[in-house]
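Trainee: I'm new to this one, could you walk me through it?
Mentor: Gladly, let's look at it together.

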Amino acid sequence: MPGKLKAKIVAGRHLPVMDRASDLTDAFVEVKFGNTTFKTDVYPKSLNPQWNSEWFKFEVDDEDLQDEPLQITVLDHDTYSANDAIGKVYIDIDPLLCSEAATVISGWLPIYDTIHGIRGEINVLVKVDLFNDLNRFRQSSCGVKFFCTTSIPRCYRAIMVHGFVEELVVNEDPEYQWIDRIRTPRASNEARQRLIFLMSGELQRKIGLKVLEMGGNAVVGYLQCFDLEGESGLVVRAIGTACTLEKISTFPATATHPSNSSPSKDMKEPVFGEEAPGVPLSSGPPTPLRAQTFSSFSPSKSYSRQSSSSDTELSLTPKTGMGSGGSAGKDAGPLKALLKQQTQSALEQREYPFFTLTVFPPGFLLHVGGVVSARSVKLLDRIHNPDEPETRDAWWEEIRQEIKSHAKSLGCHAVVGYSESTSICEEVCILSASGTAAILSSRFMQDGPLDTELRFEEVVSPGCGFCHIPYDELNIPFPAQLTYCYCCRRYKVPDVLFTTIDLPTEASVTGKGCLIQARLCRTKKKAQGEVNAMAISNLLPFLEYELHTQLMNKLKLRGMNALFGLRIQISVGETMLLGLASATGVYLTALPSPGGIQIVGKTPSDITYEQHISNMQKKINDTITKNKELYEINPPEVVEEIIGSPIPEPRQRSRLFRSHSESSDDVSEIDLSHGKKDAFVLEIDDTDAVEDIHALLTDSPTPAGFYSCNTEIMPGIQNWTSAIQMFTSVRVFRLNANLTNQGLNKIFSDLCENLLKSLYFKLRSMVPCCLCHLNFTVAIPEDELIQVAVTAVALSFDKVQTLENGKQSGEKTPIKAITENDEQLQFNLELNAETSSSSISPKGLSEVGSHPSARDRCSSWIEQLKLKAHTIRRGSVKTTSSMEKASPLPEGRSRSLRSNRSYSGSSVAVVKMTPLSFIPGAKIIKYLGIINMFFIRETSSLREEGGVSGFLHTFIAEVFAMVRAHVAALGGNAVVSYSMKECVFMENPNKNQAQCLINVSGDAVIFVRESELELTSVQPQSATTQTSNGGEGT
Amino acid sequence: MSVELDVFVGNTTIMDKEVYQLWLNGYTVNDAVKVRIEGGVMEECEASAEVLLSDTMDQYRTFQMCERLLHHPAKLANQLLFQIPPDRQAMLIERYYAFDDSFVREVLGKKLSKGTKKDLDDVSIKTGIMLKSCRRQFDNFKRVFKVVEELKGPLVENIRQHFLLPDPLARDYAAIVFFANNRFETGKKKLQYLTFQDFAFCAGQLINNWTVGAVDNMMEDMDVDLDKEFLQDLKDLKILITDKDLLDQHKSLVCTALRGKTNVFNEMEANFKNLSRGLVNIAAKLINAKDVRDFFIDLVEKFIEPCRSDKLTSIDVNLYLTHYTNSAHILDTFKHHTVWTRYMGVIKSCILRMYHD
């Protein structure tokens, strides 16, 4: 009996009229937890009842505390007939179970009914008294923190990154139980909502247990998904990265900018998070922790169902086994290879060396290989025993193994930015997993080499190191064109790099980035069962191939050479497959400049045809030039000649590695490379190809003042203001029957383009701004319908900066012509000195990191040029400094402060929502817990509610409102890493009915404006309480 | 092929002022799109008509969802569904409750009943204001009327607190409520030259001086009704015209004061008895509800028109009324000084406001 849950019902407001005669309501409240129910008195004849109840106390196991939600039902008392339910509130009490999160839930929460939506609000108080439980065999995992954020949360420091955790639970879907035929839609919806709440709780608890066994205390990058498999059941699954986090106690902002406040040497220290620990890495993490992890890691791996397979894994790799770890330090030989081997061995002991993180502590990510992905098509069958979801587990295991082997063939021992997804249509299910093959430093791994004094720092520079190929040059797993790194000139880099992670903050980037999307539709015949699954899995490779080609073409067209945050979504319908690939294109300074696109006709005899081709060629070239200007891509090309480095031959190669397997088919790998041609050649051999090129060119550019990306931040923009606007937009498009692939493609592409255009128009008042974390989700809700949902955040930045930037790019070229050598490096150097003295770059956003790379190059070979460059540099320093650094920041910040102030007068606490892991211009001072909510809304009066659009509009607004209210009740003022993971919309206009399911998640936080922080930094505690009071006040 | 569903929901609700105005003015979505295209927003933002249509529909839907809340503005501040910055909330409320002067002129003083509402299509045709907008404005009047009708305390303050309106707008609503409650006749041809602001000014005078609340705002009764006791007392003023001596005395006092100060002295002297009778008769009759309704028409017929035909300027009128009021206090046998001041103060400022072309 290790916990006591207490709840108090204070009051209600804005209740609906339940008694037509009096236009009033006789409301009372039922409070239920597990099987215990309490009731308040009836508060007669009021729409704003004041119950002021006693404290209802539930004495429960902490296992139940984790699994069960607190269920509050508001009812209207009726003397003669049954009491009518007004609505419900489910409260997830998980945040209260963790000492570092929230301590009380208190505030106005919307009363929700699945048929009527929000019906007034209720004011409640919830607390938990937790007793210490020393039972080793406990089933609960209270205290393990969960974060949706896919990076180390802002006010924590990672002591250790343990690795991949996964779990899934299955159940029958109440919607498909026999009882559903006789119960009301409301009862059925509520049963479903409750079940999913329970399942999520259970899942979280089980994952928590795994984390504890691994010796961790938190899950970062927690991703939970639902598979509504219809007849065959309901699957809730989750993946995440287990970590040991430590709260950063030092409050003030003094230590917030490690990279620019410290001279270059400090960079090489294992600094991350907020403060240099000052502990030489050799000492590693605190010893007790270490011991603990070891003991739990070794033989008793009972928590994992897959333990057998991982054991075999271990025994299969004896050469790189544990032994080499200890002796590593003494060998001064081929360091890199050895260290690589060590980490590799450390990772290979894990079943899946996967990480759901997309942003890493500095020094963690060493090299990136490329994207690895795997898909498989499965036929769903009824889950017979919910307690043993073996088949589903086996499916995912299969896919993960495949991913692992792909990574291996890229010479990588880990997969980062890892995610899993499904698409279900009737009985066919496509399972997908993707990530980025990478080599990680052993620094944060529990069983890495002991002697970490010998590190890569001499070898790997932060600005370009991650681009260096991890695989063996002579044994390339796919045809690739390698050149020497354009930053350090020492290591080989590929010509194009695709990844699923965020752009590393230290990466050196030229110009700005942009959103790049490949969109594709493929028709398929209607079929059943095996035949259908076979047909789909036969189509998949073509779909992926074409998506990849499109991505590559569009990347070239923008003059860029790398993709970040790549996410390929494939959705299956009865008569078509839909593919949408989104990524953020950038120009990595370390990679060679991409060649142009050359068009070649098949029938060269015809003159008019040739003219047509040359016209097109011209258009393409023009577009490339225009794009380069737009995104300010002017790499320092002169460098090559001076150094006399090998001139790169731009050639195309793909790093997308995937395979498909139908059921248990063998892995088939497709080479997606485009051959060994010197320029990127598009062959026009039929009308389709012409259409393709047209499509390529019709992608309309973003309007002036707008930038877009699907990653967290946009390279080249730093001075964000505090104006942020998160939004969700959903569109459903009805198709005509009998469309060709070509026609479908166009419609789908237009749909996405128009949606983007609408977003730009809507947000025009925020210009100049950047749409960040643009997350597209496509679905085929039924035949001939395409649904596209977008969630993103618009961030405003300061105009002054852009203007100057514009000027800079204009001025830059002449300067370059004069200096004739790597002058950019030189003034970056200068800049370093400048910024370290002033040190006012916005936390987390700045540091495109051109200076570390500069430093590196400088130290190696540019010394002798220094003098010569120095004389020329002088004139240009001032102008460039404002381009690379946020020098006019003080103004920007004060402006943002002002705009923020105007919000504060509202009587309802303002809660910001953002899909990003941070809030510009603010510092997150506390994480209050994970928000994971699932809602169903149904109507049988669709027309009266404004049609499908009106219905969904209201529902989404209600979901936002409920998220905000729960965050405010926890004492928070923002949700970060917010995402809408599911939006399943079904309609039946003939019956005037519609139903929608939405699942959202995020991290509730308290943030403080950086400006306020400076004022209150003397007394950090007061700042905390102030904010939380603000949240609870109303 | 068609867009079946199209929604955009922001964490902070996005509302375009221009579209809001179009919605308030009663434009259909398609008409609003046309207006916006003509306004040039498309070129400004590189948008297409399609984008504009989608945006307009979306905004209209948002406004419709908000309308329920706008009916009770206080709710807008503590509802949870839409996160709207306070300055935006104020804008939404103010514009929702704003009205057209030409519309209000048509319904001013009329009973805010279903019957009147049915006639709104005529009003719409006459004023050129869209029926939808007329209905909203009418419903606003009625809603405000219903809420404040039952409330104690000062009218303007009540309106301001319950509907969160800025002061000038709250005053206008007070006038509308006051006119509707007392059913003042404003539609007669002779009154057509008066604007709503003229009436609103007069209403302000009446509310501040002639209602119960004007004397004692702790009273149970409120600002909406005229002070019955005062109206009763007004009958006593009749002595000024029934008593021959008093009338002559009054006249000579006024004439002495006026002599040489105006070039229409002769007309004033000739008309004195007539004008005085007019004003005092209005006072004496105000106890009858029916005559209250004719208050403005009486002022015009009995005083303003005669003066106008004598070509008096408003300076002349001011001069005349000042001396007319003051001289009565010097009369030996005239005892009703307080009532007289209270009556004439309002009459004077009303007449001066109404004395224009």
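Mentor: A definition helps before we start: rings of Phe, Tyr and Trp (its six-membered ring) pair if their centres lie within 6.5 Å. Please also keep in mind that this is a predicted model.

Trainee: OK, so how many aromatic pairs does the structure hold over all chains?
Mentor: Counted over all chains, there are 53 aromatic pairs. One of them joins Tyr97(B) and Tyr173(B), whose ring centres are 6.1 Å apart and whose planes stand at 70°, so this pair is edge-to-face.

Trainee: Where do Tyr97(B) and Tyr173(B) lie in chain B?
Mentor: Tyr97(B) belongs to helix H6 (residues 86-97) and Tyr173(B) to helix H12 (residues 167-182), so the pair ties together parts of chain B that are 76 residues apart in sequence.

Trainee: And is Tyr97(B) buried or exposed?
Mentor: Tyr97(B) counts as buried because its relative accessibility is 0%, and Tyr173(B) counts as buried too, at 1%; the cut-off for buried is under 20% relative accessible area.

Trainee: Which residues do ring pairs link into a cluster?
Mentor: The cluster in chain B is made up of Tyr20(B), Trp23(B), Phe63(B), Tyr96(B), Tyr97(B), Phe99(B), Phe103(B), Phe141(B), Phe163(B), Tyr173(B) and Phe196(B), linked through ring pairs.

Trainee: Changing topic, what is the secondary structure of chain B?
Mentor: Chain B has 22 helices and one strand, and its C-alpha trace spans about 90 × 45 × 35 Å along the principal axes. Of the 357 residues in chain B, 53% are buried, while the chain exposes about 15900 Å², with carbon and sulfur atoms supplying 51% of that area.

Trainee: What share of its contacts links residues far along the sequence?
Mentor: Among contacts in chain B with a separation of 6 or more, 70% are between residues 24 or more positions apart.

Trainee: Now chain A, which residues make the nonpolar surface patch?
Mentor: Trp178(A), Ile179(A) and Ile182(A) make a nonpolar patch of about 370 Å² on the surface. Ile182(A) is in the loop between strand S10 (156-171) and helix H2 (185-214) of chain A, and Ile182(A) counts as exposed because its relative accessible area is 66%.

Trainee: And what does the charged end of Arg13(A) sit over?
Mentor: The charged end of Arg13(A) is placed over the ring of Trp108(A), 4.2 Å from the ring's centre. Arg400(A), in turn, lies over the face of Tyr352(A), at 5.9 Å from the ring centre.

Methods:
Residues are numbered from 1 along each chain as its sequence is written. Chains are lettered from A and ligands numbered from 1 in the order in which they are written. This is a predicted model: local features need pLDDT of at least 70, side-chain atom pairs count only at pLDDT 80 or more; totals for chains, interfaces and linings use all residues. Side-chain values use heavy atoms; hydrogens and water are left out. Patches are made of residues with over 30% relative accessible area and no salt bridge: like charges are joined within 9 Å, nonpolar side chains (Val, Leu, Ile, Met, Phe, Trp, Tyr) within 5 Å. Accessible areas come from the Shrake-Rupley method with a 1.4 Å probe; for residues, only the protein chains shown count as cover. A salt bridge is a side-chain nitrogen of Lys or Arg within 4 Å of a carboxyl oxygen of Asp or Glu. Helices (H or I, at least four residues) and strands (E, at least two) are DSSP runs, numbered from the N terminus. Buried means under 20% relative accessible area, exposed over 50%, partly exposed in between (1.4 Å probe, protein chains only). Rings of Phe, Tyr and Trp (its six-membered ring) pair if their centres lie within 6.5 Å; planes under 30 degrees apart count as stacked, over 60 as edge-to-face and the rest as tilted. A charge sits over a ring if NZ of Lys or CZ of Arg is within 6 Å of the ring centre and within 35 degrees of the ring normal. Contact means heavy atoms within 4.5 Å.
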